[in-house]
Amino acid sequence: MDHSQRSAVEISKDENGVTQVLLQSPRGASVRISLHGGQVRSWKTERGEELLFTSSKANLKPPGGVRGGIPICFPQFGKRGSLEKHGFARNRIWMIDENPPPLPSADHSNKAFIDLILKSSDDDLKIWPHSFEFRIRVNLSVDGCLSLTSRIRNVNCKPFSFSFAYHTYFSVSDISEVRVEGLETLDYLDSLFNKERFTEQGDALTFESEVDRVYLGSRDTVAVFDHERKRTFVIRKEGLPDVVVWNPWEKKAKTIADLGDDEYKQMLCVDAAAIEKPIALKPGEEWTGRVELSLVASIQ
Ligand SMILES: O=P(O)(O)OC[C@H]1O[C@@H](O)[C@H](O)[C@@H](O)[C@@H]1O
């Protein structure tokens, strides 16, 4: 596919020599993706407002992870396994997939999309001995919705299993003014209490201290309301039963080198994920996990 023919897609190099891709909708919304981590780094509205948080202290140089945007957690979430935290995919240099297999649900009228691919390298196979092909399609719709469709294929001769998360840093006005709906009555594993299981009691989740939870078996739509900005992020997900909610709050933020002391106020991670029950793939099988993020103005 010749990407230069698609005016909606621009490919360039960033200051660290890493390829980045800019998707633009006809109405002026945009998404920027870096091949470092296969990571969405920016998602802007038609008016140029940034919707994803990136830390002012983020280290943009490979191979470290970048604090902000949408890092991909694969094949491990957090420290639930022997690999580095959140797995290695977020630190690898991905490639543009010139010839991806067709996606059944794709809207062919839209030109603002790109396909990325990560294959297990020899070094990866030493720490995680399972050959995989991981494809992501990043799509920006005409009305500015951002969707990510991940396809992970087992190209090994043995089964393997993995966990996964779209570790999404939403930009918010002030964390104290934010509420999350769609997680009511669900069980969650609380990372602040040794992953103990609790049940959500409140009508909506609000924030007044550190939160680090994995909500289990959630419905496919979750909403993040930002009262001050009068806007709501709607998260629609498929194939991803769990939802991670994370904000480090003041004390933890001070211990994170690539996060400003007060920046916890402007971010909230709400990740569509598959964590509690790892995804198992037999040889030749493929898994698909999709998330669609949209923004609506809200009257609250
Ligand atoms: O600092 P990292 O590796 O990007 O992880 C940030 C956070 O990511 C969240 O998803 C986890 O639930 C937290 O436990 C973790 O601290």
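Here are some worked exercises on the predicted model shown above.

## Exercise 1: Getting a feel for the chain

**Task.** Work out how many helices and strands the chain has, and whether its radius of gyration agrees with that of a compact globule.

**Solution.**
- Step 1: Start with the secondary structure. The chain has two helices and 21 strands.
- Step 2: Now look at the overall extent. The C-alpha trace spans about 45 × 45 × 35 Å along its principal axes.
- Step 3: Compare with the globule rule. For 300 residues, a compact globule would have a radius of gyration near 19 Å; this chain has 18 Å, so the two agree.
- Step 4: Check the burial. In this chain of 300 residues, 40% count as buried.
- Step 5: Look at who touches whom. Take the contacts with a separation of 6 or more: 65% of them are between residues 24 or more positions apart.

## Exercise 2: Walking across a sheet

**Task.** Trace the open sheet of nine strands from β6 to β15, and say which strands sit at the edges.

**Solution.**
- Step 1: Recall how sheets are held together. Strands pair through backbone hydrogen bonds, in a parallel or an antiparallel way.
- Step 2: Read off the order, which is β6-β7-β8-β9-β21-β18-β17-β12-β15, with antiparallel pairing.
- Step 3: Find the edges. β6 and β15 (205-206) each pair on one side only, and that makes them the edge strands.
- Step 4: Zoom in on one end. Two bridges link β6 to β7 (residues 113-119), antiparallel, and M95 has I117 in β7 as its bridge partner.
- Step 5: Move along to β17 and β18. These antiparallel strands share six bridges, and V222 is partnered by I235 in β18.
- Step 6: Go one strand further. β18 pairs with β21 (residues 286-297) over eight bridges, again antiparallel, and here E238 stands opposite R290 of β21.

## Exercise 3: Spotting unusual backbone

**Task.** Find where the cis peptide bonds before P63 and P75 lie, and say what is unusual about phi in T185 and K230.

**Solution.**
- Step 1: Remember the usual picture. Most peptide bonds are trans, and most residues other than glycine have a negative phi.
- Step 2: Take the prolines. The bond from P62 to P63 is cis, with omega near 10°, and P63 is in the loop between β4 (39-44) and β5 (72-73).
- Step 3: Do the same for P75. F74 and P75 are joined by a cis peptide bond with omega about 0°, and P75 belongs to the loop between β5 and β6 (95-96).
- Step 4: Turn to T185. Its phi is positive, about 70°, though T185 is no glycine. You'll find T185 in the loop between β12 (178-181) and β13 (187-190). T185 counts as exposed because just 9 C-beta neighbours lie inside 10 Å, and the cut-off is 12 or fewer.
- Step 5: Finish with K230. This residue has a positive phi near 50° and sits in the hairpin of β17 and β18, which has four residues between the strands. With 12 C-beta neighbours inside 10 Å, K230 also counts as exposed.

## Exercise 4: Is V180 buried or exposed?

**Task.** Decide whether V180 is buried or exposed, and list its contacts from further along the chain.

**Solution.**
- Step 1: Place the residue. V180 is part of strand β12.
- Step 2: Count the neighbours. V180 has 23 C-beta neighbours inside 10 Å, so with a cut-off of 20 or more it counts as buried.
- Step 3: List the contacts. Beyond four places in sequence, V180 touches A204, L205, V222, V224, V245 and V270.
- Step 4: Pick one of them. V224 is 44 residues from V180 in sequence, yet their C-alpha atoms are 4.5 Å apart.

## Exercise 5: The core and the ligand

**Task.** Say which residues touch the most other members of the largest nonpolar core, and which residues surround the ligand.

**Solution.**
- Step 1: Start with the general trend. In soluble globular proteins, nonpolar side chains tend to be buried together.
- Step 2: Find the hubs. The largest nonpolar core has 72 residues, and V138, F170, V243, V270 and A273 touch the most other members. Strand β20 (residues 267-281) supplies the largest share of this core, nine residues.
- Step 3: Follow one hub. Outside four places in sequence, A273 touches F77, F164, A165, L240, D242, V243 and V244.
- Step 4: Switch to the ligand. Around it are G65, G78, K85, H86, H167, S191, D212, V244, W246 and C269.
- Step 5: Sort that shell by class. You get three nonpolar, five polar and two charged residues.

Terms used. Residues numbered from 1 in each chain as written. Predicted model: local features only at pLDDT ≥ 70, side-chain atom pairs only at ≥ 80, totals over all residues. Near = placed C-beta within 6 Å. Nonpolar A, V, L, I, M, F, W, Y, C, P; charged D, E, K, R; others polar. Pairing = 2+ DSSP bridges. Rg over C-alpha atoms; globule rule 2.2 N^0.38 Å. Contact = placed C-beta atoms within 7 Å. Core = buried A, V, L, I, M, F, W, Y, C linked by C-beta atoms within 7 Å.
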